[in-house]
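Notebook open, structure loaded. I want to go through the sheets, then a couple of residues, then the chain as a whole.

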Amino acid sequence: MKFTQDTEFNGYAIQRYTPGEVVLTTTGSLQELSLSTPFLIGAGELRRDWAPGGFEGLDEAQLAMLLELEPELVILGTGERQRFPAPALLAPLYAAGIGVEVMDSGAACRTYNILLGEGRRVAAGIIL
């Protein structure tokens, strides 16, 4: 039996993270896109208008945007350090059967790429 690794995925991948900046690439393109404001990524979609108030500005509407992408798992990057949103904000995600992982943004970027490479339906909200 021959084994091959499937490295094909659609959408955006995170090329690199530094505090205050994330660089993305798209499938099949070597072109880079630099972001320095919070963003939502997943299901081949990028939303730059996500969480304009940073961590303190997270509300039900911001987290509902994650639901629209129909992920099986949500990664929430909360900046340079891990901070947990109020449980009531995450309740709609849990009620929909979506797993949620909260971590600092560097770890969130790495985890997103791993899950994306595995073909998982993952969405990430990254706060810089």
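**Strands 6 and 8.** I started with the pair formed by strand 6 (residues 73-77) and strand 8 (residues 122-126): the two run parallel and are joined by five bridges. This is a predicted model, so I keep that in mind throughout. Reading off the register, I find Leu 73 opposite Val 122 of strand 8, and Ile 75 opposite Ala 124 of strand 8.

**Strand 8, other partner.** Next I looked at strand 4, which pairs with strand 8 in the antiparallel sense, over four bridges. Here I noted Phe 39, whose bridge partner in strand 8 is Ile 126.

**How enclosed is strand 8?** I went through the strand residue by residue. Five of its five residues are buried, so strand 8 is largely enclosed by the rest of the structure. Both faces are covered: Val 122, Ala 124 and Ile 126 are buried on one side, Ala 123 and Gly 125 on the other.

**The five-stranded sheet.** Zooming out, I get an open sheet of five strands in the order 5-4-8-6-7, with mixed pairing. Which strands stand at the edges? They are strand 5 (45-47) and strand 7 (99-103); each has a single partner strand, so one side of each is left without a neighbour in the sheet. I also wrote down the twist, which averages 15° from one strand to the next. Helix 1 (residues 60-68) packs on this sheet and touches strand 4 (39-42), strand 5, strand 6 and strand 8. For the angle between the directions of helix 1 and strand 8, I have about 155°.

**The three-stranded sheet.** Then I moved on to the other open sheet, with three strands in the order 1-2-3 and antiparallel pairing. Strand 1 (12-18) and strand 3 (32-35) are its edges; with a single partner strand each, they have one side left without a neighbour in the sheet. Neighbouring strands here are turned by 25° against each other on average, ignoring direction. I checked one pairing in detail: strand 2 (residues 21-26) meets strand 3 in the antiparallel sense over four bridges. Within that pairing, Val 23 stands opposite Ser 34 of strand 3. Helix 3 (residues 105-117) packs on this sheet, in touch with strand 1 and strand 2. The direction of helix 3 makes about 155° with that of strand 1.

**Thr 78.** I picked this residue out of the loop between strand 6 and helix 2 (87-95). Is Thr 78 buried or exposed? Its relative accessible area is 1%, and the cut-off for buried is under 20%, so Thr 78 counts as buried. A polar atom of the Thr 78 side chain lies 2.8 Å from the backbone oxygen of Arg 81. Leaving out residues up to four places away in sequence, I listed what Thr 78 touches: Phe 55, Arg 83, Val 102, Met 103, Asp 104, Ser 105 and Ile 127.

**Ser 105.** That list sent me to Ser 105, which lies in helix 3. Ser 105 has 0% relative accessibility and counts as buried. Which residues is Ser 105 in contact with, its neighbours within four places in sequence left aside? I get Tyr 17, Gly 77, Thr 78, Gly 79, Ile 126 and Ile 127. Two entries tie back to earlier notes: Ile 126 is the bridge partner of Phe 39, and Ile 127 is also touched by Thr 78.

**Whole chain.** Last, the overall numbers. I count three helices and eight strands, and from the N terminus on they run β-β-β-β-β-α-β-α-β-α-β. The C-alpha trace spans about 50 × 30 × 20 Å along its principal axes. For the radius of gyration I have 14 Å, which agrees with the value near 14 Å for a compact globule of 128 residues. Of the 128 residues, 45% count as buried. The accessible surface comes to about 7200 Å², and 50% of that belongs to carbon and sulfur atoms. I also looked up contact order in sequence: among contacts between residues at least 6 apart, 59% join residues at least 24 apart.

Technical notes: Residues are numbered from 1 along each chain as its sequence is written. This is a predicted model: local features need pLDDT of at least 70, side-chain atom pairs count only at pLDDT 80 or more; totals for chains, interfaces and linings use all residues. Side-chain values use heavy atoms; hydrogens and water are left out. Two strands pair if DSSP finds at least two bridges between them. Axes are lines fitted to C-alpha atoms, for helices over the stretch in contact, and angles run from 0 to 180 degrees between N-to-C directions. Contact means heavy atoms within 4.5 Å. Buried means under 20% relative accessible area, exposed over 50%, partly exposed in between (1.4 Å probe, protein chains only). A polar contact is a pair of N or O atoms within 3.5 Å; within protein, one must be able to donate a hydrogen and the other to accept it, and residues adjacent in sequence count only if both atoms are side-chain atoms. The radius of gyration is taken over C-alpha atoms; the globule rule is 2.2 Å times the number of residues to the power 0.38. Accessible areas come from the Shrake-Rupley method with a 1.4 Å probe; for residues, only the protein chains shown count as cover.
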